[in-house]
Amino acid sequence: KQLSPGTLNGTCVIIGLFVENTDELFEKAVVAGASVTHPMQDYEYGYRQGDIIDPFGHHWTIEKRI
């Protein structure tokens with residue numbers, strides 16, 4: 001039996017991925033089946049970021065410094 005967030009009732013890990021094209025990658029992930037937990041937006045602390053959960057249950061923050 002393989003271990004995954006689905007078989008373990010979730011995960012406590014968030015994967016932070018810094019990229020230049022945050023909006024493009026975010027949209028591609030959603031089209032590929034990711035669920036949005038926080039939409040892409042600019043934050044006062046100097047980052048543009050959004051959060052998703054991929055179809056396998058992994059949590060991702062897609063972000064860049066602005």
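The following legends describe close-up views of a predicted model of one protein.

**Figure 1. Overall fold of the predicted model.** The protein contains one helix and four strands, and along the sequence these elements follow the pattern β-α-β-β-β. The C-alpha trace spans about 40 × 25 × 15 Å along its principal axes. Of the contacts between residues at least 6 apart in sequence, 37% join residues at least 24 apart.

**Figure 2. Surface, burial and charge of the protein.** The accessible surface amounts to about 4700 Å², and carbon and sulfur atoms account for 57% of this area. Among the 66 residues of the protein, 27% are buried. The protein carries 5 positive and 9 negative charges. The mean positions of these two sets of charges are 4 Å apart.

**Figure 3. The largest nonpolar core.** Six residues make up this core, namely Val19, Phe26, Ala34, Met40, Ile52 and Ile62. In soluble globular proteins, nonpolar side chains tend to be buried together. One member of the core, Phe26, is the subject of the next view.

**Figure 4. Phe26 and its surroundings.** Phe26 is located in helix H1. Its relative accessible area is 8%, which is under the 20% limit, and therefore Phe26 counts as buried. When neighbours within four places in sequence are set aside, the contacts of Phe26 include three members of the nonpolar core, Met40, Ile52 and Ile62. Phe26 is also in contact with Val36, His38, Pro39, Gly50 and Asp51. Trp60 lies 34 residues from Phe26 along the chain, and the C-alpha atoms of Phe26 and Trp60 are separated by 9.8 Å.

**Figure 5. Leu25 in helix H1.** Leu25 belongs to helix H1, which covers residues 22-31. With a relative accessibility of 26%, Leu25 is classed as partly exposed, because this value falls between the limits of 20% for buried and 50% for exposed residues. Apart from neighbours within four places in sequence, Leu25 is in contact with Leu17, Val19 and Ile62. Of these contacts, Val19 and Ile62 are members of the largest nonpolar core. Leu25 and Tyr47 are 22 residues apart in sequence, and the distance between their C-alpha atoms is 16 Å.

**Figure 6. Glu27 in helix H1.** Glu27 is a further residue of helix H1. Its relative accessible area is 46%, so Glu27 is partly exposed. Along the chain, Glu27 and Glu63 are 36 residues apart. Their C-alpha atoms are separated by 13 Å.

**Figure 7. The aromatic cluster.** The whole structure holds three aromatic pairs. One of the pairs joins Tyr43 and Tyr45. A pair of aromatic rings is described by the distance of the centres and the angle of the planes. For Tyr43 and Tyr45 the centres are 5.2 Å apart and the planes meet at 15°; this angle is under 30 degrees, so the pair counts as stacked. Tyr43 and Tyr45 belong to one aromatic cluster together with Phe18 and Tyr47. Tyr45 is partly exposed, as its relative accessible area is 45%.

Key
Residues are numbered from 1 along each chain as its sequence is written. This is a predicted model: local features need pLDDT of at least 70, side-chain atom pairs count only at pLDDT 80 or more; totals for chains, interfaces and linings use all residues. Side-chain values use heavy atoms; hydrogens and water are left out. A nonpolar core is a set of buried Ala, Val, Leu, Ile, Met, Phe, Trp, Tyr and Cys residues joined through side-chain atoms within 4.5 Å. Buried means under 20% relative accessible area, exposed over 50%, partly exposed in between (1.4 Å probe, protein chains only). Contact means heavy atoms within 4.5 Å. Helices (H or I, at least four residues) and strands (E, at least two) are DSSP runs, numbered from the N terminus. Accessible areas come from the Shrake-Rupley method with a 1.4 Å probe; for residues, only the protein chains shown count as cover. Lys and Arg count as positive and Asp and Glu as negative; His and the chain ends are not counted. The place of a charge is taken as NZ of Lys, CZ of Arg, CG of Asp or CD of Glu. Rings of Phe, Tyr and Trp (its six-membered ring) pair if their centres lie within 6.5 Å; planes under 30 degrees apart count as stacked, over 60 as edge-to-face and the rest as tilted.
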